[in-house]
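Colleague: Please take a close look at one part of this model for me. I would like to follow how two chains meet.

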Amino acid sequence: MKVSNKELDLVLVKRAKSGDYQAFDLLVLKYQSRLISTAFKFVKDVQIAEDIVQDSFIKAFNALESFREDSSFYTWIYRITVNTSKNFLVSKKRKSELLNSDLSEEASYEIEPVETYSPEDLLQATQLQKVITETFDQLGEDTRTALTLRELDGLSYEQIADVVNCPVGTVRSRIFRGREVIDEAISQYKQDNKTKYLEVKK
Amino acid sequence: MSDNKNMKEKISALADGELSDFETRRILTEISSNPQYRDFWRSIQQTKLSLEESDAEFLDSDISEQLYSKLGKRRPIKRKQLNKPSLSKFQFYAASLVGCFGVIIYSLIPQSTETFSDFASQKINQAIDSPQAMEVLNNSVSGMNVILQDFESNNLGTLANYKVTNSGETFKVSLYPIQEINKIGINEAAKISYIKSKTGVYVVSVSGNISTDKKNQILQKANFFAEKLK
């Protein structure tokens with residue numbers, strides 16, 4: 001019997017509940033980028049968004065026992081992140097009210113969020129995505145087709161095998177090969193960035 | 001294919017929900033304890049997000065290090081030799097070996113020595129509370145054309161349910177402390193061995209609606225597996 005995405009998360013949650021933090025870490029690696037993106041939509045500040053997602057994961061970890069195993073982990077952590085983001089905004093607004101009331105009784109407390117997502121941050125994020133998509137485009141046709149059907153169309157290995165008329169094992173190998181090549185490109189990109197950073201520091 | 005590549009291929013399949021329950025649990029243990037596999041897991045998630053969304057802004061953000069620190073957890077230590085059996089595997093193999101020999105020796109010599117019992121107790125305790133214990137059970141049925149239907153593994157023991165593909169016969173292989181005997185269906189078990197140890201008596205059992213010959217065969221294979229690991 002295959003383990004679906006939701007079931008896999010549940011296996012990880014169960015392991016985390018029994019004290020295996022590394023299982024929880026795999027959930028963090030899986031969902032952190034999506035959640036930071038969600039928090040950023042509220043707070044418009046990368047650093048604050050990351051802090052909010054950290055807090056959300058800490059809250060989730062400490063409340064794992066209360067997680068209902070018939071629900072989706074992602075929906076749960078997503079809800080925690082949204083609530084933490086909203087609470088942050090409310091708290092920020094209150095602080096501003098207090099500050100303004102000190103200055104003037106009639107002062108407005110309307111807050112304009114300041115975007116601190118620097119062009120450098122944006123460039124780095126888009127560069128990594130560029131590395132991934134360019135490497136993906138350069139993959140052999142069979143490999144790219146298998147990975148496209150999996151990642152973009154969400155087909156199972158068996159469905160892909162039917163579409164491209166090859167054994168399931170071959171589909172599995174092709175998808176792995178594609179990911180392996182992309183992984184090598186990501187590692188190289190990170191290594192290059194590290195070297196550049198060290199050169200700048202010199 | 002090297003062990004390392006083989007493991008990564010399984011991680012790739014795991015990320016797509018294409019592994020069996022048994023393999024999932026086994027592979028998760030490997031990813032959790034090896035930073036290289038953890039990085040590959042992250043790379044797969046980054047690739048997924050990158051291909052799914054045209055504007056994946058936070059692809060490179062990583063808060064996992066800070067979370068380790070804030071939750072007071074320790075990162076796994078990188079293994080030196082990825083292509084060779086890891087230390088934990090050796091420990092597990094040793095546990096399996098001792099377990100299997102324990103069964104054989106105890107059935108030949110009813111009163112085992114205290115030294116052996118102490119050692120076996122320690123090793124069996126390590127073996128039963130791990131997904132690798134399933135590997136012993138699975139190896140014991142290798143070549144038998146069976147499907148793993150279900151299994152349960154916790155600090156009390158490990159139980160695997162199998163189905164013979166051709167005949168539809170079902171059977172269980174388990175390793176449990178004797179106080180958990182009710183859980184393994186002792187009435188239908190034709191082959192049981194006991195291991196006496198300092199912390200209690202353990203039961204290794206093969207049960208179900210398969211022939212006695214097949215049950216013997218399973219125990220022999222467990223023995224063969226242990227011999228091969230010498």
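Modeller: Here is a walk along the side of chain B that touches chain A. This is a predicted model: local features need pLDDT of at least 70, side-chain atom pairs count only at pLDDT 80 or more, and totals for chains, interfaces and linings use all residues. Residues are numbered from 1 along each chain as its sequence is written, chains are lettered from A and ligands numbered from 1 in the order in which they are written, and side-chain values use heavy atoms, with hydrogens and water left out.

Start with the contact, meaning heavy atoms within 4.5 Å. On chain B, 55 residues are in contact with 54 residues of chain A. The size of an interface is often given as the accessible area lost when the parts come together. Here about 5,500 Å² is buried between chain B and chain A. That is the accessible area (1.4 Å probe) lost by two parts on being put together, summed over both. Carbon and sulfur atoms give 58% of the buried area.

Now the pairs. The rule finds seven salt bridges across the interface of chain B and chain A. Each needs a side-chain nitrogen of Lys or Arg within 4 Å of a carboxyl oxygen of Asp or Glu. A salt bridge joins the side chains of A:R150 and B:D16, at 3.0 Å from N to O.

Which helix of chain B gives the most to the side that touches chain A? It is α3(B), with 15 residues. Helices are DSSP runs (H or I, at least four residues), numbered from the N terminus. In chain B, α1, α2, α3 (35-52) and α4 (64-70) each supply at least two residues of that side.
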